[in-house]
Amino acid sequence: MARSGLAAAARVARWADNALGPGRDAATTDGKATLSDATAERAAADLGLTMDRIRADWDTARLAGLVEVHGDSARPGWRLRAWNRDDSAVLRGWVALFDAWSLASPEPGDQEPGAVAEVVSAMPQVLSFLQLSAGPVPVEQLLDLLRQRVTELRTERCEVPYSAGSEPATPLAPVTSADVEPAEPAQDAELAPLLDWALHALASVGALTYGDAHATLTPLGSWAVWVKLEQICVAAQSPAGNIEQSAEAMLRGCAQLRPNAARAEYRAWLAARTVGSAVSELLLAARGDDALLRGLAFEALRVVGAPAEHDVRAVVDEPALRPYALLWLAEHDGVDPEDAHEVLTREEATWLWVDTAAAVADHGEAPMLVRHLESALQPTVPALLTEVRAVGHPRTVQVLVALAAAHPDPALAKAVRRAAFQVHTGSS
């Protein structure tokens with residue numbers, strides 16, 4: 001259903017990518033991929049559609065994140081890139097359109113902006129009621145629910161009247177109930193046209209059907225409302241209580257959790273944030289000095305999934321993040337996690353081995369560091385030491401010193417200490 005509902009928008013977005021992308025003849029005088037009259041005319045001719053249809057589909061593509069507009073230019077969104085291979089990208093695109101339902105249809109011109117905002121704020125409760133009803137609901141019943149919710153919103157923000165000749169309340173003159181104006185109850189007459197607009201707008205994005213004085217959620221609309229309710233519940237049930245913490249603090253809080261519990265914490269933390277800001281914050285934490293947080297940040301990014309792909313690809317050229325990013329991308333592209341390491345070069349794999357050893361040295365116990373030695377790709381310790389010295393990881397000396405102190409074999413420990421000294425002094 002989501003693919004079908006967004007097919008026209010995806011078609012226009014692909015046309016723009018192919019016809020207006022870098023290295024192609026743009027349809028605008030400024031050479032940018034904007035939907036000017038000339039661009040719309042060209043798209044209409046190429047696709048056999050009217051200009052009005054082209055503009056409507058373009059607006060849908062923007063709201064669904066299939067195209068991203070930056071000033072006077074546009075570029076394909078990650079959802080368009082992942083459209084053919086990732087169902088979650090399609091569903092996220094439709095949910096983005098669903099979230100923007102109030103922008104999908106023009107607001108009634110004769111209504112106060114404040115009243116429109118109240119109805120938009122109240123509609124989640126109306127949609128939840130529709131979802132629980134699981135069938136057609138009379139519009140009169142929805143109107144009554146909307147009236148109650150708008151009245152509640154007005155009561156919640158009820159303020160003390162303040163005129164030019166009066167003094168504002170101070171701690172010495174506390175506000176009393178007599179100072180507060182009661183909120184006026186919402187009237188059906190003012191809300192009926194706004195409810196009609198809201199239901200038509202939601203129907204236009206495929207969230208519900210509306211006719212014969214009844215409204216019914218589509219299966220897709222019902223699923224979307226359920227997802228929203230689930231996100232609220234997940235965010236409210238942060239297992240370890242890190243939902244309000246920064247990414248770094250949240251990751252530190254997850255360091256001692258079992259994998260399933262940590263993933264639940266990641267989901268709760270992510271549910272309380274926009275995807276873009278969460279991914280940026282996780283990558284910032286990954287760039288820090290703590291190798292443990294680097295690994296945990298990419299575990300959290302695995303929970304994010306496809307929406308993080310663009311940002312993860314953007315850090316592939318950063319040496320500290322490159323091995324983690326390549327593994328993430330390989331798994332995202334369907335490579336078995338057990339085989340994903342094959343995408344790394346020998347140098348990248350060795351760099352990752354040192355980084356992981358640094359995390360173990362900082363946060364683990366000596367036996368863990370000894371076991372980590374056994375996971376090295378190199379068949380012998382001398383070969384490992386040679387390649388470790390060559391990759392130039394900034395924590396090489398500390399890792400080798402910690403490994404020498406932890407290893408029970410005196411001869412091997414001596415060789416590792418000698419390698420640490422040579423790295424420290426720059427000798428061969």
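**Two pockets and one valine**

Biologist: How much space lies in the largest pocket?
Modeller: This is a predicted model. In it, the space in the largest pocket comes to about 1300 Å³.

Biologist: Which residues are the closest to the centre of the largest pocket?
Modeller: The lining of the largest pocket counts 36 residues. Helices H5 (87–99) and H13 (275–286) are among the elements that each supply at least two of them. Closest to the centre are Arg79, Arg92, Val275, Val304 and Pro307.

Biologist: How many charged residues does the lining of the largest pocket have?
Modeller: Sort the lining by class. Nonpolar residues number 16, and polar ones six. The charged residues number 14.

Biologist: Which helix gives the largest share of the lining of the second largest pocket?
Modeller: That pocket holds about 1000 Å³ of space, and 38 residues line it. H12, H14, H16 (322–332), H17 (346–363) and H18 (366–374) each supply at least two. The largest share is nine residues, and it comes from H17.

Biologist: How many nonpolar residues are in the lining of the second largest pocket?
Modeller: Split this lining by class too. Six residues are charged and ten are polar. The nonpolar ones number 22.

Biologist: Is Val423 buried, partly exposed or exposed?
Modeller: Val423 sits in helix H21 (residues 410–425). Beyond its neighbours up to four places away in sequence, it touches Arg389, Thr396, Val397 and Leu400. Its relative accessible area is 27%. Buried needs under 20% and exposed over 50%, so a value in between counts as partly exposed. Val423 is therefore partly exposed.

Note on methods
Residues numbered from 1 in each chain as written. Predicted model: local features only at pLDDT ≥ 70, side-chain atom pairs only at ≥ 80, totals over all residues. Heavy atoms only, no water. 1 Å grid on protein atoms, 1.4 Å probe; cavity = no way out; pocket = protein on both sides within 12 Å on 5 of 7 lines; lining within 4 Å. Points joined across faces, edges and corners; volume = space filled by probe spheres on them. Helix = DSSP H or I, 4+ residues; strand = E, 2+ residues; numbered from the N terminus. Nonpolar A, V, L, I, M, F, W, Y, C, P; charged D, E, K, R; others polar. Buried < 20%, exposed > 50% of the residue type's maximum accessible area, 1.4 Å probe, protein only. Contact = heavy atoms within 4.5 Å.
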